[in-house]
Amino acid sequence: VTTPVTTLGENSIDESHLKEEHRQLFTQRNRLNSELKRLETSLQKMAVELNDSEQARQELETQLEAAKSEIKEKEKVIDEKENALIEALEKGDAAEKQLQQEKTELEGRLEELTKQKKEVDTSMEEKLTEIGKLQEELKTDSR
């Protein structure tokens, strides 16, 4: 086994070079550790933000479902009111037709009664005229 022959000066150069390399590696390791901690902190913040976003999304979904349910209830009420209105309009139409029919019948009856009244009035006038003539005749005869 042979051992390399080195002089004292060469060892000190290699040793100072190794120390410089060690210092650089140590500095680099510290920088990498700092960067790792920064990235870990950033990752934790992102995880919190993601969790917050997920909670917000779930809350929005809950609100959306509640809104959908409320809309369905309101649509149901609107449909019921609309059906009641249609039914009332149909009843109103039927009542209007019935009233129109009754009006027509009453107008016909009024016309008939008016005609009968005229006939009675005419007949009464004739009888009053006849009574007047008879009274005149009675007056003339009694004199």
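**Exercise 1.** In this predicted model, is Glu54 buried, partly exposed or exposed?

Solution.
- Step 1. The relative accessible area of Glu54 is 31%.
- Step 2. Buried means under 20% and exposed means over 50%, with partly exposed in between.
- Step 3. Glu54 is therefore partly exposed, its 31% falling in the middle class.

**Exercise 2.** Find the residue with which Glu54 forms a salt bridge, and place both residues in the secondary structure.

Solution.
- Step 1. The partner of Glu54 is Arg57, and the closest N and O atoms of the pair are 2.4 Å apart.
- Step 2. The cut-off for a salt bridge is a side-chain nitrogen of Lys or Arg within 4 Å of a carboxyl oxygen of Asp or Glu, so the Glu54–Arg57 contact at 2.4 Å qualifies.
- Step 3. Helix H1 contains both Glu54 and Arg57, which are three residues apart, about one turn of the helix.
- Step 4. Arg57 has a relative accessible area of 38% and is partly exposed.

**Exercise 3.** Which residues are joined with Arg57 into one network by salt bridges that share partners? Treat the Glu70 pair alongside.

Solution.
- Step 1. Arg57 also forms a salt bridge with Glu61, with 2.2 Å between the closest N and O atoms.
- Step 2. Glu61 and Arg57 are four residues apart in helix H1, about one turn of the helix.
- Step 3. Glu61 is partly exposed at a relative accessible area of 40%.
- Step 4. In another pair, the side chains of Glu70 and Lys74 form a salt bridge at 3.2 Å, N to O. Glu70 and Lys74 both belong to helix H1 and are four residues apart, about one turn of the helix. Glu70 has 43% relative accessibility and counts as partly exposed.
- Step 5. The network asked for consists of Glu54, Arg57 and Glu61, joined by salt bridges that share partners.
- Step 6. The count of salt bridges by this rule is eleven.

**Exercise 4.** Which residues gather in a patch of negative charge on the surface, and where does Glu82 lie?

Solution.
- Step 1. The patch is made up of Glu73, Glu75, Asp79, Glu80 and Glu82.
- Step 2. Glu82 is located in helix H1, which spans residues 8–142.
- Step 3. Patch residues need over 30% relative accessible area. Glu82 is partly exposed at 43%, so Glu82 passes that threshold.

**Exercise 5.** What are the separations of Lys97 and Leu128 in sequence and in space?

Solution.
- Step 1. Lys97 lies in helix H1 and, with 63% relative accessibility, counts as exposed.
- Step 2. Along the sequence, Lys97 and Leu128 are 31 residues apart.
- Step 3. In space, the C-alpha atoms of Lys97 and Leu128 are 45 Å apart.

**Exercise 6.** Describe the overall form of the protein chain from its secondary structure, extent and accessible area.

Solution.
- Step 1. The protein chain has one helix and zero strands.
- Step 2. Its radius of gyration is 59 Å, whereas the globule rule gives 15 Å for 143 residues; the chain is therefore more spread out than a compact globule.
- Step 3. Along the principal axes, the C-alpha atoms fill a box of roughly 195 × 30 × 15 Å.
- Step 4. Buried residues account for 0% of the 143 residues.
- Step 5. The chain exposes about 13,900 Å², of which carbon and sulfur atoms supply 57%.
- Step 6. The chain carries 24 positive and 36 negative charges, and the mean positions of the two sets are 3 Å apart.

Key:
Residues numbered from 1 in each chain as written. Predicted model: local features only at pLDDT ≥ 70, side-chain atom pairs only at ≥ 80, totals over all residues. Heavy atoms only, no water. Patch = residues over 30% accessible without salt bridge, like charges linked within 9 Å, V, L, I, M, F, W, Y side chains within 5 Å. Areas by Shrake-Rupley, 256 points an atom, 1.4 Å probe, with all protein chains shown as cover. Lys, Arg positive; Asp, Glu negative; His and termini not counted. Charge placed at Lys NZ, Arg CZ, Asp CG, Glu CD. Helix = DSSP H or I, 4+ residues; strand = E, 2+ residues; numbered from the N terminus. Buried < 20%, exposed > 50% of the residue type's maximum accessible area, 1.4 Å probe, protein only. Rg over C-alpha atoms; globule rule 2.2 N^0.38 Å.
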